[in-house]
Amino acid sequence: MTTSFQPASLLAALLAPLRGTVLELGPGTGVNLPHYAPGVTWIGVEPDPRSRGRLGRAIARLGGTGEVLDGRAERLDLPGHSVDAVVATFVLCSVDDVTAALTEIRRVLRPGGRYVLAEHVAAPQGTWVRRGQDGLARASRWFGGKCRPNRCAESAIARAGFELADVHRFVVPGPLGAGIPHLAGAAVRPADTGKGPTS
């Protein structure tokens with residue numbers, strides 16, 4: 001659906017209902033931490049050592065508990081079916097291997113678990129916004145972060161075996177008047193049926 005939500009309020013609405021064990025990938029400095037419900041068992045996987053230190057301080061400041069692990073989305077050091085939800089906001093644009101990251105997210109989620117996401121995504125082919133995104137993706141390998149703004153996240157998520165359950169599409173103003181397409185919402189890991197991607 002197309003939504004009039006602002007990204008921050010939409011994320012807060014998506015994160016607040018999560019319960020149980022929540023794994024957040026690439027939490028950075030912890031901007032999502034205030035939106036989780038009390039009692040959530042939070043695990044963060046963050047590759048940047050400076051951000052891991054800031055995360056520990058953010059958790060303490062909020063009076064919560066959590067575990068911060070070194071790692072990357074493409075290879076999670078967690079057992080299969082071990083978390084109730086995975087949160088990844090603006091992560092798929094910077095991982096080296098989208099398929100591997102989504103396979104790992106699906107592996108660690110319990111059947112019926114939710115994958116909450118927010119991503120800037122590719123504009124339609126042939127538009128000047130898409131041409132700009134393609135140029136930025138080529139240039140990003142020379143700069144920190146390696147953001148690829150031209151990734152087609154929605155189709156990749158579907159191919160990985162998730163059911164898109166609550167998806168919002170919206171446009172955020174960008175440079176030179178560009179409207180940058182965004183996707184936010186939740187996808188569900190279905191129960192294993194013996195078909196499609198394996199657990």
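Author: A crossover is right-handed if, with the strands pointing away from the viewer, the path from the first strand over the helix to the second runs clockwise. In this predicted model, β4, helix α3 (residues 98-108) and β5 make such a right-handed β-α-β unit.

Reader: What makes β4 and β5 a pair of strands, and in which sense do they run, parallel or antiparallel?

Author: Two strands pair if at least two bridges are found between them, and strand β4 (residues 83-89) is joined to strand β5 (residues 109-120) over 6 bridges in the parallel sense, so the condition is met. Within this pairing, Thr 89 stands opposite Ala 118 in β5.

Reader: How do you know that β5 also pairs with β7?

Author: The reasoning rests on the requirement of at least two bridges, and β5 is joined to strand β7 (residues 179-188) by 7 bridges, the two strands running antiparallel. One residue of this pairing is Arg 114, whose bridge partner in β7 is Val 188.

Reader: Why is Pro 181 called buried?

Author: Pro 181, which lies in strand β7, has a relative accessible area of 16%, and because buried means under 20%, Pro 181 is placed in that class. Its C-alpha atom is separated by 5.9 Å from that of His 120, although the two residues are 61 apart along the chain.

Reader: Why is Phe 90 called partly exposed, and what is the sign of its phi, positive or negative?

Author: Phe 90, found in the loop between β4 and α3, has a relative accessible area of 35%, and since buried means under 20% and exposed over 50%, with partly exposed in between, Phe 90 counts as partly exposed. Its phi is near 55 degrees, a positive value in a residue other than glycine. Most residues other than glycine have a negative phi.

Reader: Why does His 81 count as partly exposed?

Author: His 81, in the loop between β3 (66-69) and β4, has a relative accessible area of 30%, and the class lies between the limits of 20% and 50%, so His 81 is partly exposed. Phi of His 81 is also positive, near 60 degrees.

Reader: What makes the space lined by Leu 92 and Cys 93 a cavity?

Author: A cavity is a set of points where a 1.4 Å probe fits but cannot get out, whereas a pocket is an open set. The largest cavity has a volume of about 30 Å³, and its lining, which includes Leu 92, Cys 93, Glu 119 and His 120, divides into 4 nonpolar, 1 polar and 2 charged residues.

Definitions and conventions:
Residues numbered from 1 in each chain as written. Predicted model: local features only at pLDDT ≥ 70, side-chain atom pairs only at ≥ 80, totals over all residues. Heavy atoms only, no water. 1 Å grid on protein atoms, 1.4 Å probe; cavity = no way out; pocket = protein on both sides within 12 Å on 5 of 7 lines; lining within 4 Å. Points joined across faces, edges and corners; volume = space filled by probe spheres on them. Nonpolar A, V, L, I, M, F, W, Y, C, P; charged D, E, K, R; others polar. Helix = DSSP H or I, 4+ residues; strand = E, 2+ residues; numbered from the N terminus. Buried < 20%, exposed > 50% of the residue type's maximum accessible area, 1.4 Å probe, protein only.
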